[in-house]
Structures are given as C-alpha cells and as structure tokens.
Amino acid sequence: MSRCRSVRNGAKTRKRPVAKCYKTTSGSTLLKGQSAGTKGACPQGKFSGARKKFCSALIMANVTKKLLDSVETCVDDMLEGLVAVNPGLRLLAGHRVVLREDWEDVRANKVAVVSGGGSGHEPAYHGFVGSGLLTAAVPGNIFASPPPDDVLAALRAVTGPAGAIVLVTNYTGDRLTFGIAVERARAEGLQVEMVCIGEDCAVSSKDKTAGRRGLAGTVFVQKIAGALSEEGKSLAEIVETVKNTISSMGTMGVCLSPCSVPGSGPMFQVPQDTIELGLGVHGEAGVGRMKMDTAEKVVETVLAHMTNPDNTSRIEVKKGDSVALLVNNLGSTAYLELYIIARDAIKYLEARGVSVERTYVGPFVTSQEMAGMSLTLLRLDDTRRRCLDAQTTAHAWFPMCPSPSTGTLRTTRTRVQLSTDTQQAATVIAGATKVDKDTAQQIFRVVSAVCNSLMTAEEQLNDLDRACGDGDCGSTLAKGAKAILSALGSADTPGLPCQTPAVLLQEMATIVERSMGGASGGLYSLFLTAGAQSVMTSVTPASWTAAMKAGVASIIRYGGADPGDRTMLDPLHAATEVLKALQEETADSMPTLQKAVEAAESSAQRTATMAARAGRASYVSTDRLTRPDPGAQAVAIWMRAIYSSLEK
C-alpha cells in the first residue's frame with residue numbers, strides 16, 4: 001500500500017540505486033557498491049564518520065527511534081534479512097522483487113499471483129510470498145508505490161502461458177504504477193489481469209479516483225488467489241472469484257497512537273484519551289474519533305459501523321451468514337489485546353446470529369509502530385473456505401490451531417471439565433486432625449488478623465517495591481488477603497475449614513495462587529501446601545513449628561533463594577530458628593513466639609543493607625537498594641499480626 005508522496009523515507013524523492021546483490025566469501029549478502037566492513041563495529045568502540053553522522057542526525061531531529069543501519073537503505077537491508085532467514089525466497093537481481101524459490105515452475109504451469117505496494121506494512125506483502133499464496137511481491141519505499149520497472153520485471157519473470165493476476169490495493173499511487181507495468185507487459189504479449197482491492201467500510205467517498213481503500217482484507221484475497229493458482233485454475237476463473245471475494249468483505253480499523261517513517265517523527269497525533277476510527281494504514285483520516293473505551297465497546301462501534309445499513313461502504317452480513325474474521329495488528333498492539341478483541345468480536349457477531357467459522361489473529365498489514373487494530377469480515381462459501389484452509393509455505397500467514405475433529409472450523413466447545421476425585425479428597429479431609437471449637441475460633445481470628453494487616457500495609461509495601469520492582473508487592477498480597485477473607489466468611493459460619501488446620505492451609509494455598517498469581521502467589525502457595533502436611537495428624541506448637549520449617553524448606557527448594565539473599569526467606573528463616581525451641585515440651589509458647597516475631601522484624605530491616613542475590617531486586621543496581629525488601633517486610637507484618645491476635 002502506498003500514497004502519492006513528494007517525500008520518501010524522510011528525504012526528497014531521488015533515483016534509487018540498483019539493488020544488485022552478491023555474496024561475499026563469508027556468505028553475507030551485500031548491495032552492489034557496499035564494502036564488507038560497512039556494518040562492522042568501529043575500532044576502540046568508536047563510531048565511524050558515517051555511523052556517527054547517522055545517529056547524530058536522528059538525535060538532533062528528534063525523530064522516532066528505530067533500529068536501522070541507514071534510513072536511505074532500510075528497505076533493501078530489510079529485504080536482505082528477509083531472504084537470509086527464509087530459504088524459500090529469492091530477490092530478483094537489479095530490482096526490488098521477492099520471488100518464490102520455485103517461481104520458474106509456476107511460470108511454466110500455473111497462473112502467477114503478483115502483488116505489492118509501499119514497504120512499512122510488514123509482513124505485507126513480501127511476507128506472503130510462498131506456495132499457495134503470492135508468486136512475487138514488489139515492495140516500494142516506505143509508504144510509497146514501487147516503480148513500474150520493478151513491477152514489470154516481476155511480471156516478466158513469473159508470467160507464463162497461464163498468465164498472471166496482479167492484486168493491487170486501491171490507492172492512487174499503486175493503481176498508477178502497477179497499471180503502467182501491466183500495460184507494458186500486455187504490449188510485450190504477456191497475459192496479465194489487474195484487480196484493485198478496496199474493502200474499507202469507513203470511507204463512503206464517491207470520488208472515482210479514490211473510493212474504498214485496500215486494507216488488511218487484501219490478505220484474504222491474496223490467499224484465495226494463491227490457493228486457486230495451486231489448484232490449476234485458469235486466469236479467468238481466478239479473476240472472477242477474486243472480484244466476488246472483494247465484494248463480500250469489509251474492513252475497518254482503529255488507532256490509539258501514530259506511526260512514523262524512518263528518519264521522521266510521528267506522522268500525526270492522537271490525544272491520550274482518544275481513539276481514531278476508520279483511519280487508513282498511513283494515518284489518513286477516517287470517520288471520526290471517539291473517547292478511549294473498553295475493547296468490547298470499541299469492537300461494537302467498529303462492527304456496528306461496518307454493517308450499518310445506512311453506510312454506503314458497508315458489508316452485507318445478516319443472520320445465518322458464515323464469516324471469517326481477521327483481527328489485524330496495526331503494528332504495536334499486544335496479543336493480550338488482540339485476543340480480547342477477537343473474543344469480543346465473536347461475541348458481538350454470534351449474538352446477532354452470524355456464525356464466525358474461522359478467526360485469524362496477528363500482524364498481517366501493519367503501519368510501522370502504530371498502536372491499533374483492524375477487523376475484517378469475509379462472507380464464506382465453499383470455495384473461500386477451501387482456499388483459506390489450503391496449505392501455504394508463506395511464513396507470515398497465520399493459520400489457527402486446527403482441531404482433530406473439526407479441522408479449522410471454529411467450535412464453541414472451548415472449555416473442558418475435568419472430573420475431580422471426590423473420594424480421594426474426602427479421604428484426605430477425613431484423615432486430618434480436627435481441633436475443638438475454641439481453637440477453631442482462635443484460628444479464624446488469626447487468619448482474619450493476618451489478612452487485615454496485609455491489606456492495611458498495601459501502600460507501604462508498594463512504596464518499598466517501587467525501588468526494586470514494579471511497585472505492586474502490596475497490591476498483590478492484598479489481593480490474596482481479600483480473597484481469603486471473602487472465602488473465610490463470618491466467625492459464626494466460617495466458609496473455610498478452621499476446625500481442620502491441614503485442610504485450611506491447603507485451601508488457602510489454592511486461593512492465593514489463583515488470586516495473587518506471579519512469584520508471590522507461587523511462593524505462598526508452596527509455603528502453605530508444604531506446611532499443611534505437618535498439622536495433618538496433630539495440631540500443637542511443635543507441629544506448627546514443623547509446618548513453618550517445611551514451608552521454608554519448600555521455598556528454598558523451588559524458589560531458588562537462600563537465607564541472606566535479601567528475600568522474604570530471610571525473616572521466615574530467622575523466625576523458624578527461634579521457633580525450634582517449641583519442639584521442647586517445656587517451652588513457653590507466647591514468649592517464644594514473641595522472640596520469633598522480633599527476629600523476623602529485625603531480619604526484615606537488615607535486608608536494607610544486604611546485596612540482592614535472588615528475585616527481581618537482583619537485577620537492580622545496589623545504589624537503589626537502600627530500604628528493606630518489601631517481601632521480607634510483609635512477612636514481619638503478618639507475623640506480628642499473628643502474635644497480636646493470640647495475645648488478646
């Protein structure tokens with residue numbers, strides 16, 4: 001895809017040097033006129049004049065940071081990398097043309113499928129070269145149409161007796177440059193047909209030179225044309241099917257943040273609280289803007305506009321139709337967001353009686369680092385299903401994980417229910433020691449006190465964590481505490497088995513690993529699970545001490561830390577060493593527990609001067625680690641809460 005631009009790659013349009021490639025003795029692929037040492041490191045770690053000038057220019061111009069070797073040659077550098085990592089691809093010497101390795105076989109026996117447009121939309125178009133998809137792709141400069149001579153060179157290379165179909169996105173520059181090449185190819189006697197793809201549902205222009213833009217739905221068209229070529233279909237058959245496909249699909253995108261071409265700053269701005277609706281892949285204006293909202297609301301807005309009967313560029317989708325859905329990453333949108341978007345789109349469509357048979361998620365047609373997505377709907381028939389499911393070697397095509405029973409057909413049976421061994425669980429509960437009612441009430445109060453102490457200390461622990469982590473230690477522990485309190489219920493009718501401490505610890509372990517997540521949830525789950533075994537047959541001060549000891553040993557075994565590494569293990573270990581005295585029958589429980597709490601508090605404070613050798617803090621500069629470890633401080637807090645509760 002491309003736009004007509006007087007500026008390319010951030011510099012004035014100029015004649016591009018011939019990108020003739022050759023191999024060095026080391027096997028590196030270089031452009032003609034480039035020395036083998038051009039990209040190497042400079043002596044004594046200093047920049048060469050050219051590299052220093054390149055980096056200084058980027059800094060002085062305040063342009064968007066990108067990892068390039070040169071703004072001027074970035075497209076050619078990218079293409080060299082593409083063929084270097086994909087053995088089934090080749091570059092046509094003297095031109096920017098990417099070919100299938102077996103392009104000569106296609107020319108001799110099948111209809112060639114050619115496409116292309118401006119670079120900067122990777123993996124389009126060159127990422128879709130391969131059997132079952134494109135025979136050749138012709139990339140231009142960033143967001144700029146390729147020159148007609150490159151397109152003509154591609155057509156000369158791959159067009160045989162069966163002819164070639166040229167798939168072009170509906171941008172003025174692409175139509176002109178590809179059209180010139182097609183006419184020249186026909187003048188040379190080549191059988192070539194060109195089809196323009198325009199499926200944008202945001203644009204309702206009646207301008208004959210503009211019209212609906214070609215967006216991510218282009219990939220569906222390319223896939224179907226490539227599959228039909230592999231089947232041996234004629235040029236006329238492919239053209240007819242492609243045109244019908246284009247009239248049966250629609251796309252609309254949204255943007256959260258802008259893109260930039262190499263050597264330049266952002267092409268436009270989107271306010272922090274705003275989303276751009278229906279924009280083109282270069283940032284061209286769409287239908288308007290909306291306030292930032294949930295993924296569900298954004299998806300609803302997009303799909304409602306795409307299918308609105310009053311929208312002249314709508315896609316006709318009615319109850320009972322079957323569609324393929326493509327969720328396209330416009331550049332820097334995380335898969336976390338994309339799968340949420342896919343889920344919301346499927347829910348929206350199926351609630352209206354539309355069957356979403358196939359869903360494709362990933363980067364197909366991007367716009368550099370633009371944050372955003374587009375949704376494409378394609379009404380399905382048997383031919384389109386067959387072609388979408390056909391095999392391809394193109395590395396950028398994203399098929400879904402097929403089902404052994406339904407293949408690529410999407411299923412609503414997305415969850416499985418595992419049967420639990422209730423008999424085994426009942427045996428464990430039946431074999432666990434129970435305590436009297438008063439002791440159970442005491443345990444209830446202790447658990448409540450521990451949870452409340454962690455919830456109260458949430459911001460204190462977050463503040464400590466900001467120096468060595470992501471500032472969420474307190475919030476994570478508070479999540480676990482709130483989940484336990486919710487399950488604990490009231491003192492009169494507890495929701496957790498306080499009368500059976502071993503089972504209580506096991507259930508609390510499950511709660512914290514589900515509610516807290518991450519390393520903290522895992523460590524506390526290990527601590528509680530290991531400790532439960534020690535109070536299975538008896539519940540005494542000695543068995544509680546054994547539970548602490550077992551929990552500490554489990555954290556050491558699986559957590560990878562040792563006492564002295566500046567972690568939660570330090571106060572746990574210090575307290576356990578003191579509590580060992582309770583294994584003697586003559587030991588006084590409360591004074592010993594008080595000493596253990598003081599030992600934990602003292603150990604937690606000492607972590608402020610320790611070198612971090614485990615956990616996230618071990619990656620932080622020692623200059624920043626001047627306060628106690630938040631995980632260690634949390635242990636001291638909840639141990640003090642235990643003592644205070646028992647003392648009352």
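In this predicted model, the buried residues of helix α10 pack against helices α6 and α7 (235-246) and against strands β14 (322-329), β15 and β16. Helix α10 itself spans residues 382-389, and its buried members are Arg-384, Arg-385, Cys-387 and Leu-388. The N-terminal end of this helix is capped by Asp-381. A side-chain oxygen of Asp-381 sits 3.2 Å from the backbone nitrogen of Thr-383.

Leu-388 also leads into the wider interior. The largest nonpolar core contains 59 residues, and Leu-388 is among those with the most contacts inside it, together with Ile-165, Leu-167, Phe-220 and Val-242. Helix α6 (residues 218-230) supplies the largest share of this core, namely seven residues. A second core, separate from the one just described, has 57 residues, including Ala-432, Phe-444, Leu-461 and Val-512.

Phe-220 gives a good view of how the largest core is knitted together. Leaving aside residues up to four places away in sequence, Phe-220 touches Met-249, Ala-324, Leu-325, Leu-326, Tyr-360, Thr-376, Leu-378, Leu-388 and Trp-397. Leu-388 thus appears once more, here as a contact of Phe-220.

The loop between β7 (112-119) and β8 (136-142) is worth a closer look at its backbone. Pro-123 lies in this loop, and a cis peptide bond joins Glu-122 to Pro-123, with omega at about 15°. Tyr-125 is placed in the loop between β7 and β8 as well. A cis peptide bond links Ala-124 and Tyr-125, this time with omega at about -5°.

His-121 is likewise found in the loop between β7 and β8. In the UniProt record, an unreviewed entry, the feature "binding site" is placed at Gly-118, Ser-119, Gly-120, His-121 and Asp-174. His-121 has a relative accessible area of 0%, so this residue counts as buried. Asp-174 belongs to helix α5 (residues 172-187). With a relative accessible area of 0%, Asp-174 is buried too. The side chain of Asp-174 makes a polar contact of 2.8 Å with the side chain of Ser-145.

Two residues stand out for their phi angles. Phe-143 has a positive phi of about 55° although it is not a glycine, and this residue is found in the loop between β8 and α4 (148-158). Phe-143 is buried because its relative accessible area, 0%, falls under the 20% cut-off. Gln-368, another residue other than glycine, has a positive phi near 55°. The place of Gln-368 is the loop between β15 (355-362) and β16 (371-379). These strands, β15 and β16, were met above as packing partners of the buried residues of α10.

A further polar link involves Asp-465, which lies in helix α13 (residues 458-465). Is Asp-465 buried or exposed? Its relative accessibility is 7%, under the 20% limit, so Asp-465 counts as buried. The side chain of Asp-465 reaches the backbone nitrogen of Cys-473 at a distance of 3.1 Å. Cys-473 also features among the residues that Asp-465 touches, along with Asp-470, Gly-471, Asp-472 and Pro-630, when residues up to four places away in sequence are not counted.

Terms used
Residues are numbered from 1 along each chain as its sequence is written. This is a predicted model: local features need pLDDT of at least 70, side-chain atom pairs count only at pLDDT 80 or more; totals for chains, interfaces and linings use all residues. Side-chain values use heavy atoms; hydrogens and water are left out. Helices (H or I, at least four residues) and strands (E, at least two) are DSSP runs, numbered from the N terminus. Buried means under 20% relative accessible area, exposed over 50%, partly exposed in between (1.4 Å probe, protein chains only). A polar contact is a pair of N or O atoms within 3.5 Å; within protein, one must be able to donate a hydrogen and the other to accept it, and residues adjacent in sequence count only if both atoms are side-chain atoms. Contact means heavy atoms within 4.5 Å. A nonpolar core is a set of buried Ala, Val, Leu, Ile, Met, Phe, Trp, Tyr and Cys residues joined through side-chain atoms within 4.5 Å. UniProt positions are given in the numbering used here, feature names are shortened, and annotations may be inferred rather than shown by experiment.
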